[in-house]
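Me: I have a structure here and would like to go through some of its labels with you. Could you show me how each one is earned?

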Amino acid sequence: MQIQNRALQKLANLKRSHKDLINLMPLQTASVLTDAAREALIEFGDGYSVCDFCSGILCEIGNPPVRDFVKEILPPFLGADLATITHGAREGIFMVLHSLAEPGDSIVVDSNRHYTTMVAAERTGLNVVEVPSSGHPEFKINVDDYASLIRQNAPKLVLLTYPDGGYGNLPDARRLGEIAQEHGVPYLLNGAYAVGRMPVSMAELGADFIVGSGHKSMASAGPCGVLGMTTRWEEVVLRKSIAYPKKELELLGCTLRGTPLMTLMASFPHVQERVTHWDEQVAKAQWFSGRLEELGFKQLGEKPHKHDLMSFETPALYEISKRVREKGFFLHKELKQRGIWGPQPGMTRALKLSTFAATEEQLQYVVDSFRAILNKYG
């Protein structure tokens, strides 16, 4: 009984010890809630409180203004004809694959794709053909390589990860739109690390679909995401149930029914404004990359880099980890003591970081901290 009581006590006192540290974790830097979102989190935190005035279709709710957000505000932001909300980018990808393809069909994707692309394809029973990257150290995707694979495999869809979550590379999405249109193949853009961080328009890139992640890049609580599309695919992807004509099949009737949706909406004015400052984010990331390389780290991916998400090889840190008592966890300990959060505990051979949420002054402090750690164990 005492063991159970201690366990229950832990559940009643949930805290995040690192929430006020300088955050460099790519999964979190663009999902920090705005003040308005924090207020909405409390206001609509009771179960299905979003649905107080629902007549059966979530995206038609007028109070709170879900309908205005989904029907009027979100589509132009995505460069789409219409949009809907999902539980995340992965759900949007699965919705499209499940709607457009059948078991045994093929799709062509970039080799830097997120694992959820593969899981969604596997769940749908699809054959996945990958466009290879250039390999170490840039891992670039040449979208012209899609063309021959499209001709060889007659895919039901092509997908591009923009940027990829491993290196933050931004392939030529507009060129792939031209290739897809030339071959008459639908085109899905996975913008989980783009939508909400940087300007991105599905229409300008020639895509049929775009997915975004609220909890990665749109300053909202998770899980939530968005899916934009052209009108051509509305009756395919957003088709209704025969038994329940108000309910969309791919969304299992309804999707976000609580605080994730409310935080997504409450943060949106801020998100819409902040993407106009993307050039400042890119400049900040490039400065940070240069300073870390001066310490002997090696940035992977495209150079000059064009996104806040970056991966670095850190051989000096790895060598230290082989001769200290804490092994790879020494770095996590050292950074946390200095008020820095981000690198995964135990990782020293390579680090994945994002500069999105940090100020220039904070990034200078991070650089100085890495230098101090290297000197300490020199």
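Me: Why is the contact between glutamate 334 and arginine 338 called a salt bridge?
Reply: Happy to walk through it, keeping in mind that this is a predicted model. The side chains of these two residues meet with N and O 2.5 Å apart. The cut-off is 4 Å between a side-chain nitrogen of Lys or Arg and a carboxyl oxygen of Asp or Glu, so the pair qualifies.

Me: What makes glutamate 334 buried or exposed?
Reply: Its relative accessible area is 3%. Buried means under 20%, so glutamate 334 is buried. Arginine 338 comes out at 21%; exposed needs over 50% and buried under 20%, so arginine 338 is partly exposed.

Me: How do you know that arginine 175 and glutamate 178 form a salt bridge?
Reply: Here the N to O distance is 3.1 Å, and the limit is 4 Å, so the name fits. Both residues sit in helix α7 (residues 173-183), 3 residues apart, which means about one helical turn separates them. In general, an α-helix has 3.6 residues a turn, so residues three or four places apart point the same way.

Me: And which residues are linked in a network of salt bridges?
Reply: Asp144, Arg175, Glu178 and Glu182 are the linked residues. Of the pair we just discussed, arginine 175 has 26% relative accessibility and glutamate 178 has 38%. Partly exposed lies between 20% and 50%, so that label suits arginine 175 and glutamate 178.

Me: What makes lysine 71 and glutamate 60 a salt bridge?
Reply: Their closest N and O atoms are 3.5 Å apart, and the rule asks for 4 Å or less, so they count. This pair links distant parts of the chain, with lysine 71 in helix α3 and glutamate 60 in the loop between α2 (35-43) and α3, 11 residues apart. Lysine 71 is partly exposed at 41%, as is glutamate 60 at 32%.

Me: How many salt bridges does this rule give?
Reply: The count comes to 16.

Me: Back to helix α3: where is the kink?
Reply: The kink lies at glutamate 72, shortly before proline 75, and is about 25°. Helix α3 covers residues 66-78, and glycine 79, which follows, has a positive phi near 70°.

Me: Which residues of α3 are buried, and what do they pack against?
Reply: Val66, Phe69, Val70, Leu74, Pro75, Phe77 and Leu78 are buried. Their packing partners include β2 (82-86), β7 (209-213) and α11 (259-274).

Notes: Residues numbered from 1 in each chain as written. Predicted model: local features only at pLDDT ≥ 70, side-chain atom pairs only at ≥ 80, totals over all residues. Heavy atoms only, no water. Bend = angle between axes of the 7 residues up to and from the residue. Helix = DSSP H or I, 4+ residues; strand = E, 2+ residues; numbered from the N terminus. Buried < 20%, exposed > 50% of the residue type's maximum accessible area, 1.4 Å probe, protein only. Contact = heavy atoms within 4.5 Å.
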